[in-house]
Amino acid sequence: MIKRRDSLKVFIGKLAIGGGLPVAIQSMTNTDTADVSATVLQVKQLADAGAELVRITVNNEAAADAVAQIKAKLVEAGYDVPLIGDFHYNGHLLLTKFPKCAQALDKYRINPGNIGSGALREENFKKIIECALKYDKPIRIGVNWGSLGEIGDSSVKSLVKVALESAKMAEKFGMASNKIVLSVKTSDVQETISAYRLLAKSCKYALHLGFTEAGSGMKGIIGSTAALAILLQEGIGDTIRVSLTPSDKNGRTEEVKVAQTLLQVMGLRSFRPMVTSCPGCGRTSNDRFQKLAQELDKYVDKMLLVWRKKYAEIENLKLAVMGCAVNGPGEAKHANIALCFPGKSEESVAAVFVDGKPLKTLRGGSVKKDFFEIIERYLAKKL
Ligand code: SF4
């Protein structure tokens, strides 16, 4: 059992993070926010994929003008996912000039490195805090090692110092500490871990965990996982964002799925039935188990919405497909339903275990169909 860091609870719209609550997943759109239809569509896609908070870029007047319409269309369509406005350079101007935007957003993200220089920095920061107070919104002070500019170097100490000093400045202007979320992101795994560790022991603010500019594909997923998993294991992090460069194939929602999978394999939250399968080795003479494991994964995806409506706690279901008897029966003890191929048999034959006990042996060309039927009967308590 992971002992979570003792952090302050922060409400972002209807969603609360921190205070020991489950780690929330967030994502960010990459549409032009001024394009209301495209942004609404992507927020919906992200929310449908499992994003519990969605950040949108608010970078100019057209974007600020669109925010209230985006929010209204989402609410009309039944989506109450909190929307976070991402501001750089002109947040103080946009929030002041577009009150409907300031009201519609559920949180403002401020980057202390991008709000002006010299005396203007504090002045602009104060204006954003005044808006947050006026509309009763929380803020995230998101420090990024790529944009510290004149306020610090990119060292861990500097990142944490800027985050804490900015939080204190927000409090000086009237912000409550339970309305502040902090993040200190870098694109280096070791630096990210060190920065969050230092930040976590230096304050009680809720923390947004992220590994920025992670990259794409395997590098992005593994880099994010390496950094975030270690911190989550230490109880650090109240909300996470996986910052993947989207691929044409998987699109923007991939980062949400990665975040969900990370939390689930670590035993922090459950989102979908888990499929355990072995990698195969010289003890297998065919790829039957391999194909069935992949087909089972697809079957889970296909049935998930239906199952969720019918079966409570379906996300805790554990399924397994194993290539031979070396680990099969043992693995079956940890799964609700497991199927174990015999390894080198030429015949299509597979033993099924239910809640750790042998149920029956499936044979012939209908192994997949019969196995899926057993799953359905198990769920319907008709086995
Ligand atoms: S379960 Fe059997 S087939 Fe799969 S990796 Fe282990 S020994 Fe090899």
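Buried residues account for 42% of the 383 residues in the protein chain of this predicted model. The C-alpha trace of that chain spans about 80 × 45 × 35 Å along its principal axes, and the chain holds twelve helices and 15 strands. If you look at contacts with a sequence separation of 6 or more, 65% of them join residues 24 or more positions apart.

Let us turn to the interior. In soluble globular proteins, nonpolar side chains tend to be buried together. Here the largest nonpolar core has 81 residues, and the members that touch the most others are Val54, Ala163, Leu182, Tyr196 and Leu207. Helix 6, which covers residues 156–172, supplies the largest share of this core, with seven residues. To see how one core member is placed, try Ala163: leaving aside neighbours within four places in sequence, Ala163 is in contact with Ile141, Val143, Leu182, Val184 and Leu199. A second core of 24 residues is separate, and includes Val321, Ile337, Ala338 and Leu362.

Next come the helix pairs. Two packed helices are described by the angle between their axes and the distance between the axes. Start with helix 1 (residues 36–49) and helix 2 (residues 61–76), whose axes come within 10 Å and cross at roughly 45 degrees. Helix 1 and helix 2 are therefore oblique to each other, and their crossing is right-handed. On the helix 1 side the contact is made by Val36, Thr39, Val40 and Val43, while helix 2 brings Ala66, Gln69, Ile70, Lys73 and Leu74. Sorted by character, the residues of this contact of helix 1 with helix 2 are six nonpolar, two polar and one charged.

Now move along to helix 7 (residues 189–202) and helix 8 (residues 217–233). The axes of helix 7 and helix 8 come within 9 Å and cross at roughly 25 degrees, which means that helix 7 is roughly parallel to helix 8. Helix 7 passes helix 8 in a right-handed crossing. From helix 7, Val189, Thr192, Ile193 and Tyr196 meet Gly223, Ala226, Ala227, Ile230 and Leu231 of helix 8. The residues of this contact of helix 7 with helix 8 comprise seven nonpolar, two polar and no charged. You have already met Tyr196 among the residues that touch the most other members of the largest nonpolar core.

Finally, have a look at two loop residues. Gly280 sits in the loop between strand 11 (274–277) and helix 10 (288–310). Because 17 other C-beta atoms lie within 10 Å, Gly280 is partly exposed. Neighbours within four places in sequence aside, the contacts of Gly280 are Phe289, Gln290 and Gly323. Pro329 is 49 residues from Gly280 along the chain, and their C-alpha atoms are separated by 15 Å.

Asn327 belongs to the loop between strand 12 (318–322) and helix 11 (328–332). Asn327 also counts as partly exposed, because it has 14 C-beta neighbours inside 10 Å. With neighbours within four places in sequence set aside, Asn327 is in contact with Cys278 and Met322. To relate this loop to the helix 7 residues above, take Ile193: Asn327 and Ile193 are 134 residues apart in sequence, and 35 Å apart in space from C-alpha to C-alpha.

Notes:
Residues numbered from 1 in each chain as written. Predicted model: local features only at pLDDT ≥ 70, side-chain atom pairs only at ≥ 80, totals over all residues. Axes fitted to C-alpha atoms, helices over the stretch in contact; angles between N-to-C directions. Helix = DSSP H or I, 4+ residues; strand = E, 2+ residues; numbered from the N terminus. Parallel < 35°, antiparallel > 145°, perpendicular 65-115°, else oblique. Left-handed = near helix turned anticlockwise from the far one by under 90°. Contact = placed C-beta atoms within 7 Å. Nonpolar A, V, L, I, M, F, W, Y, C, P; charged D, E, K, R; others polar. Buried ≥ 20, exposed ≤ 12 C-beta atoms within 10 Å, placed from the backbone. Core = buried A, V, L, I, M, F, W, Y, C linked by C-beta atoms within 7 Å.
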